[in-house]
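Welcome, and thanks for taking a look at this one. Have the sequence and the 3D view open side by side, and we will walk through the metal sites and the DNA contacts together.

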Protein chains: 2
Amino acid sequence: MNVSPESSDLLPREQAEALLAQHGIAATEQRLEIARLLFARHQHLSAEQILAQLSLQASRVSKATVYNTLNLFAETGLVREVIIDPAKRFYDSNLDPHHHLFHTDTGRLEDVPPARIQIADLPGLPAGTEVLGVDVVIRVATRKPQ
Amino acid sequence: MNVSPESSDLLPREQAEALLAQHGIAATEQRLEIARLLFARHQHLSAEQILAQLSLQASRVSKATVYNTLNLFAETGLVREVIIDPAKRFYDSNLDPHHHLFHTDTGRLEDVPPARIQIADLPGLPAGTEVLGVDVVIRVATRKPQ
DNA sequence: AATACGAACTAGACTTTGTCTAAACCGCTG
DNA sequence: CAGCGGTTTAGACAAAGTCTAGTTCGTATT
Ligand SMILES: [Mn+2]
Ligand SMILES: [Mn+2]
Ligand SMILES: [Zn+2]
Ligand SMILES: [Zn+2]
């Protein structure tokens with residue numbers, strides 16, 4: 001289940017409350033727990049990783065609530081859903097515009113500053129459609145020894 | 001299961017054989033069936049769509065073989081695997097470099113000519129890594145009536 | 001303080017995509 | 001014709017995510 005052994009600092013509760021408020025999300029104990037964990041730093045976590053981390057702490061949050069909450073966060077733009085790994089969705093706590101570097105052999109996901117990549121001009125979009133986002137993913141692998 | 005009611009023309013068998021040969025893949029009846037279907041035109045199909053289409057024709061190809069074959073095609077670069085829809089992988093028969101426009105509400109996936117999007121410069125990559133690909137995805141939705 | 005009510009949470013069943021295993025099959029070659 | 005890789009197959013399995021129906025929670029009203 002691969003719980004990273006990172007520092008377990010959480011975002012202060014007041015800051016988590018502010019984040020939810022800014023996005024019009026009612027604060028609940030479980031939503032705050034998830035926000036405090038996810039926004040502790042810039043990172044990309046899957047639902048299962050969050051579930052596992054919460055279990056490590058004493059925070060009992062059910063699987064259904066973790067999924068519901070992440071969907072809610074994503075809908076309101078509080079987190080960015082990153083579709084890169086075909087097996088699972090990542091939730092990105094970095095809200096600044098940026099792109100991604102994906103190491104296919106390790107599963108590691110890295111942020112790439114947007115300045116280095118220029119989208120020249122988007123194609124003319126069909127009328128009545130709105131752009132939700134432009135995602136750039138650079139897939140890399142460790143070079144095969146030949 | 002959503003089998004599109006498109007014309008059921010298949011790629012001529014000889015051309016499918018040539019494609020496999022070019023990529024060092026041994027030709028079998030099942031692999032040819034899949035290639036003839038997928039490369040009939042530029043399109044993006046999921047494994048399940050291919051399985052369903054094959055069933056419509058009299059071609060009995062097992063689920064395991066469809067998945068095995070698509071993985072084989074993807075590894076050898078005969079098809080391009082497109083990770084966009086978190087629920088399933090698409091296999092792209094358009095081998096020319098290009099980007100994608102994804103309609104999140106319909107699931108429709110459209111090609112975008114690469115000329116319109118410029119990648120200015122890639123970040124300095126860690127030594128010993130090779131770029132497998134750079135994918136640009138524009139996610140759009142039908143504008144909500146407000 | 002007791003009650004009512006909508007929102008949120010939960011356990012667990014369920015669905016879907018994709019992988020794996022073990023047996024059967026197929027085309028060759030010796 | 002026996003043997004041998006490589007391929008195909010059915011069906012079991014795994015994992016992510018969704019759904020349902022019942023419970024709990026927070027708050028407002030009496
Ligand atoms: Mn989700
Ligand atoms: Mn090629
Ligand atoms: Zn990111
Ligand atoms: Zn395409």
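Are B:His44 and B:Asp92 buried or exposed? Both of them are buried. Please keep in mind that this is a predicted model.

## The zinc site in chain B

Those two residues take part in holding the zinc ion (ligand 4), whose donors are B:His44 (NE2), B:Asp92 (OD), B:His98 (NE2), B:His100 (NE2) and B:Asp111 (OD). The coordinating distances run from 2.0 to 2.2 Å. If you like to scan a sequence for the pattern, the spacing of these donors along the chain is H-x47-D-x5-H-x1-H-x10-D.

Distant parts of the chain are linked here: B:His44 sits in strand 1 (residues 44–46) of chain B and B:Asp92 in strand 3 (residues 90–92) of chain B, with the two 48 residues apart.

## The manganese site in chain A

In chain A, the manganese ion (ligand 1) is coordinated by A:Asn71 (OD1), A:Arg89 (NH1) and A:Tyr91 (OH), at 2.2 to 2.8 Å. Along the chain these donors follow N-x17-R-x1-Y. A:Asn71 belongs to helix 4 of chain A, while A:Arg89 is in the loop between strand 2 (80–82) and strand 3 (90–92) of chain A, so the pair ties together parts that are 18 residues apart in sequence.

How accessible are these two residues? A:Asn71 counts as partly exposed because its relative accessibility is 32%. A:Arg89 is also classed as partly exposed, at 34% relative accessibility.

## Around DNA strand D

A:Arg89 turns up again at the DNA: 19 residues surround DNA strand D, and the closest are A:Lys63, A:Arg89, B:Thr28, B:Ser62 and B:Thr65. By residue type, the surface near the strand divides into seven nonpolar, five polar and seven charged. Looking from the DNA side, 73% of the strand D atoms within 4 Å of the protein belong to sugar or phosphate, and the rest belong to bases.

Some individual contacts are worth finding in your viewer. A:Asn71, a manganese donor, also has a polar side-chain atom 3.3 Å from a phosphate oxygen of DNA strand D. A side-chain N or O atom of A:Tyr67 is 3.1 Å from a phosphate oxygen of the strand. From chain B, a polar side-chain atom of B:Gln30 lies 3.0 Å from a sugar or linking oxygen.

Which elements give two or more residues to this surface? They are helix 3 (47–56) and helix 4 (63–75) of chain A, together with helix 2 (29–38) and helix 4 (63–75) of chain B. Helix 4 of chain A gives the most, with four residues.

Methods: Residues numbered from 1 in each chain as written. Chains lettered and ligands numbered in written order. Predicted model: local features only at pLDDT ≥ 70, side-chain atom pairs only at ≥ 80, totals over all residues. Heavy atoms only, no water. Near = heavy atom within 4 Å. Polar contact = N/O pair within 3.5 Å; in protein donor to acceptor, adjacent residues only side chain to side chain. Nonpolar A, V, L, I, M, F, W, Y, C, P; charged D, E, K, R; others polar. Donors = N, O, S within 2.8 Å, 3.2 Å for Na, K, Ca; no water. Buried < 20%, exposed > 50% of the residue type's maximum accessible area, 1.4 Å probe, protein only.
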